[in-house]
Amino acid sequence: MTHQYADWAQIYTESYIDCVMGMFMYGLILTVHVLAACLFIGTVFFEVCIMAAVRKNLLGYDFAPLEKALNQRLFAIMPWVLLTLVSSGLSLLHTHYRALLSFPDSSFAVLLVCKLILVASVLVQFGLIKFWRSRHVLTARRSQLIHRSVWVHVLCIAILAKAMFYWTW
């Protein structure tokens, strides 16, 4: 009898530890994901809303050295931010993959699929900018259009990220 109790206690303890570690890891991954999203959204906001307004207000100034320095720094950092954002997002997706099995019937799954489509679009646009930049065909107009598009996409992704847990139908 004592032996059975000891086995049960060991199983309970191991399962409790697994549960606590799972919750800790989920929380850690979620925190990393949110921080990477803040960095990415903040960078896009800065480029689209702040720099565009500064350029308009200071037409006589030469922004080429500043933009070159900013672009070099951003193109060094942003791939790592995106890698962190996407890999942590995939880890979070792994915990919710069963929701995708009920895709058309679940509001959570529908919103998650919409979010994934927007994420794929942002990644394609980021790749397109890198490709055009490597071929030296990235014009100011193309860059401006893609940045505005990415800005709209990331705002929608952020809204969907919250809506997935609150909107139901």
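**Helix packing and burial in a predicted model**

In this predicted model, the secondary structure of the protein consists of 5 helices and 0 strands. Read from the N terminus, the elements follow the order α-α-α-α-α.

Q: Why is α2 called roughly antiparallel to α4?
A: Helix α2 (residues 64-95) and helix α4 (residues 107-134) pack at an angle of about 155°, and their axes are 12 Å apart. Angles over 145 degrees count as roughly antiparallel, therefore α2 is described as roughly antiparallel to α4.

Q: Which residues make the contact of α2 with α4?
A: On the side of α2, the contact is made by Asn71, Gln72, Phe75, Met78, Pro79, Leu82, Val86 and Leu93. On the side of α4, Leu112, Leu116, Leu123, Phe126, Ile129, Lys130 and Arg133 take part. By character, these residues divide into 11 nonpolar, 2 polar and 2 charged. The crossing in which α2 passes α4 is left-handed.

Q: What makes α4 roughly antiparallel or roughly parallel to α5?
A: The angle at which α4 and α5 pack is about 155°, with 9 Å between their axes. Roughly parallel would require an angle under 35 degrees, whereas roughly antiparallel requires one over 145. The value satisfies the second condition, so α4 is roughly antiparallel to α5. The crossing of α4 and α5 is left-handed.

Q: What is the make-up of the contact of α4 with α5?
A: The residues of this contact divide into 16 nonpolar, 5 polar and 2 charged. Among those supplied by α4 are Leu111, Lys115, Val122, Gln125 and Trp132. Those of α5 include Arg142, Ile146, His147, Val150, Val154 and Leu160.

Q: Which residues of the largest nonpolar core touch the most other members?
A: This core has 29 residues, of which Phe40, Val44, Met78, Leu85, Val122, Val150 and Val154 touch the most other members. At least two residues of the core come from each of α1 (2-57), α2, α4 and α5 (140-163). The greatest contribution is that of α4, with 8 residues. In soluble globular proteins, nonpolar side chains tend to be buried together.

Q: Which residues does Phe40 touch, not counting residues up to four places away in sequence?
A: With that exclusion, Phe40 touches Met78, Val81, Leu82, Leu85, Val122, Val150 and Val154.

Q: Why is His136 counted as buried or exposed?
A: His136 is found in the loop between α4 and α5. The cut-off for an exposed residue is over 50% relative accessible area. His136 has 73% relative accessibility, so it counts as exposed. His136 also has a phi near 60°, a positive value in a residue other than glycine.

Q: How do you know that Val152 counts as partly exposed?
A: Val152 is found in helix α5. Partly exposed lies between the limits of 20% and 50%. The relative accessibility of Val152 is 47%, and therefore Val152 counts as partly exposed. Val152 and Val122 are 30 residues apart in sequence, and their C-alpha atoms are 9.9 Å apart in space.

Q: What makes Leu145 partly exposed?
A: Leu145, which lies in helix α5, has 43% relative accessibility and so counts as partly exposed. A buried residue would need a value under 20%, and an exposed one a value over 50%. From C-alpha to C-alpha, Leu145 and Val48 are 9.7 Å apart in space, while 97 residues separate them in sequence.

Q: How many of the residues of the protein count as buried?
A: Of the 169 residues, 26% count as buried.

Q: What share of the contacts with a separation of 6 or more comes from residues 24 or more positions apart?
A: Such residues account for 73% of those contacts in the protein.

Definitions and conventions
Residues are numbered from 1 along each chain as its sequence is written. This is a predicted model: local features need pLDDT of at least 70, side-chain atom pairs count only at pLDDT 80 or more; totals for chains, interfaces and linings use all residues. Side-chain values use heavy atoms; hydrogens and water are left out. Axes are lines fitted to C-alpha atoms, for helices over the stretch in contact, and angles run from 0 to 180 degrees between N-to-C directions. Helices (H or I, at least four residues) and strands (E, at least two) are DSSP runs, numbered from the N terminus. Angles under 35 degrees count as roughly parallel, over 145 as roughly antiparallel, 65 to 115 as roughly perpendicular and the rest as oblique. A crossing is left-handed if the near helix is turned anticlockwise from the far one by less than a right angle, and right-handed if clockwise. Contact means heavy atoms within 4.5 Å. Ala, Val, Leu, Ile, Met, Phe, Trp, Tyr, Cys and Pro count as nonpolar, Asp, Glu, Lys and Arg as charged, and the others, Gly among them, as polar. A nonpolar core is a set of buried Ala, Val, Leu, Ile, Met, Phe, Trp, Tyr and Cys residues joined through side-chain atoms within 4.5 Å. Buried means under 20% relative accessible area, exposed over 50%, partly exposed in between (1.4 Å probe, protein chains only).
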